Amino acid sequence: MTKRFTSLALIMSVLVTPAFAGPSGQHSANAVDHSGQAASEGSAAIATGTAVVASVPIMTVGSAIAITGAGLQIIGEEVLLLGNEMHRSGTGRAVVTKPVAPNGPPTLD
Amino acid sequence: MSHMISMMLFILSLALPSYVMAGSSEAGKPILSQVAVVDFANRVQQDLASRGASVAIVSRMGRNPNVLPDGVTYTHVAFWVYSQTTRADGSTGRGYQVYNLYQQAENDTRSSLVQDSPADFFAGAHRLDAGVIIPDVRVQEKLLSVIASPTYAALHNPQYAVLANPNSNRFQNCTEHTLNVLMAALYGTSDVPQIKANIAAYFEPQHIQIGGLKRAFAPAASQALTTADHGPTVSTATFGSIARFMNANELASLVYRITPDSLIRF
């Protein structure tokens, strides 16, 4: 009985994966699998192919918007911008925050 | 004695936070077909475009909601930004680019800012089901300014925790970074202490029910499950809590849920 309990407990303790965090899949690590690897906050490349070399936000607030050309998703495209945003990551050190009085409630007027 | 130890181990294993086997996400076994993912990504893109959204906050269902804490439906949130794209072969087009904070694969206590495509965003989904917030046009303009500026990266803290406390900058998850960027846009500041003060004053995070034993032993399974930045209770930013905040302050023009065959307004 004790052995069974011990075995069961050890198996359950070891073979668990956090439900929230999940096994994150960065593109660089898992794209080779071309799988839709599930992750809570990891990414999984859908496919590989013609890479995106530039992506610029368009300020078209209030204007008509259309999805055109390379903007349309098709299987066989790799549109990850590695080396761009990755290099814009923070410093790696948490910012020490001091108590500050809040502003007023957010408003658009 | 050994019986007691084994019983304690067994109880400990039951006390750990909502764990599931990685069966829903095994490498090499896609949950959803690529065709379905690409079709859905385009459906969301076309829907956002039809509403004239230059920037939207979009969430995905990365896990079976049955294994998530009460009040949490979506597991990942990112900005979708209407962009001009140029590929290596010279082809160009217009569509949405996704601005993510992703937990690193090789170190789950660290995160990186990564841009990817709408299809990649949904590639890791458990179900094709997205929560969408289209901010008020004026908020979109402010958000675009921040996203295109150094402030976007400056608000990133790579110390990752799944249940990061949005009132503190000790740890951060994707939703907290999204909230930081939103607050920076609303108040026109990149000052983190000021942003945190405003979050503490006006943003109500999602309370997470988690027992003392679970809190105590969760970091043993993964340091990313730490709740060291919380007090007696645990609350974190979620898609739902950001939607409630934006609705309450009239900052959103539309909040809805979209699936391959339905669209439901929240």
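# Exercises on a two-chain model

**Exercise 1.** Find which elements of chain B cover the buried residues of α9(B).

Solution. Go through the cover and you'll meet β2 (55-61), β3 (76-87), β6 (127-135), α6 (174-187), β7 (206-208) and β9 (252-259) of chain B, among others. Helices (H or I, at least four residues) and strands (E, at least two) are DSSP runs, numbered from the N terminus. Next, list what is being covered: in α9(B), residues 239-248, the buried ones are Phe239(B), Ser241(B), Ile242(B), Ala243(B), Phe245(B) and Met246(B). Buried means 20 or more other C-beta atoms within 10 Å of the residue's own; 12 or fewer is exposed, in between is partly exposed, and C-beta atoms are placed from the backbone.

A word on the ground rules. This is a predicted model, where local features need pLDDT of at least 70 and side-chain atom pairs count only at pLDDT 80 or more, while totals for chains, interfaces and linings use all residues. Residues are numbered from 1 along each chain as its sequence is written, and chains are lettered from A and ligands numbered from 1 in the order in which they are written.

**Exercise 2.** Say where Glu250(B) lies and what sign its phi has.

Solution. Glu250(B) sits in the loop between α9 and β9 of chain B, just after α9(B). Its phi is near 55°, so to speak on the positive side, in a residue other than glycine. For background, most residues other than glycine have a negative phi. Now count neighbours: Glu250(B) has 13 C-beta neighbours inside 10 Å, so it counts as partly exposed.

**Exercise 3.** Describe how α6(B) and α7(B) pack.

Solution. Two packed helices are described by the angle between their axes and the distance between the axes. Here α7(B) spans residues 192-202, the angle with α6(B) is about 100° and the axes are 10 Å apart. Axes are lines fitted to C-alpha atoms, for helices over the stretch in contact, and angles run from 0 to 180 degrees between N-to-C directions. Under 35 degrees is roughly parallel, over 145 roughly antiparallel, 65 to 115 roughly perpendicular and the rest oblique. The two helices are therefore roughly perpendicular to each other.

Then collect the residues. From α6(B), Leu179(B), Asn180(B), Met183(B), Ala184(B) and Tyr187(B) meet Gln194(B), Ile195(B), Asn198(B) and Ile199(B) of α7(B). They split into six nonpolar, three polar and no charged. (Nonpolar covers Ala, Val, Leu, Ile, Met, Phe, Trp, Tyr, Cys and Pro; charged covers Asp, Glu, Lys and Arg; the others, Gly among them, are polar.)

**Exercise 4.** Decide whether Val146(B) is buried or exposed, and list its contacts outside its neighbours within four places in sequence.

Solution. Val146(B) belongs to α4(B), residues 137-147. It has 24 C-beta neighbours inside 10 Å, so it counts as buried. Two residues are in contact if their C-beta atoms lie within 7 Å. With the neighbours within four places set aside, Val146(B) contacts Thr151(B), Tyr152(B), Val181(B), Ala184(B) and Ala185(B). Ala184(B) also turned up in the contact of α6(B) with α7(B).

**Exercise 5.** Trace the pairing partners of β4(B), working through β3(B), β5(B) and β3(A).

Solution. Strands pair if DSSP finds at least two bridges between them. Start with β3(B): it pairs with β4(B) in the antiparallel sense over eight bridges, with Thr85(B) opposite Gly93(B). Four residues separate the strands of this hairpin, and Gly90(B) there has a positive phi near 95°. Move on to β5(B), residues 111-116, antiparallel to β4(B) over six bridges; Tyr102(B) stands opposite Ser112(B). Now cross chains: two bridges join β3(A) to β4(B), again antiparallel, and Gly69(A) has Gly93(B) as its bridge partner. Finally, ten of the twelve residues of β4(B) (92-103) are buried, so it is largely enclosed by the rest of the structure.

**Exercise 6.** Set out the make-up of chain A and chain B, and the confidence in chain A.

Solution. Chain A has two helices and four strands, running α-β-α-β-β-β from the N terminus. Chain B has nine helices and ten strands. In chain A, 37% of the 109 residues are buried; in chain B, 54% of 266. For confidence, use pLDDT, the predictor's value for each residue from 0 to 100. Chain A has a mean of 59, with 29% of its residues at 70 or more. Within chain A, helix α2 (27-30) is lowest at a mean of 34 and strand β3 (68-69) highest at 92. Over residues 8-39 of chain A the pLDDT is below 50, and this stretch has 121 contacts in the model beyond near neighbours in sequence.
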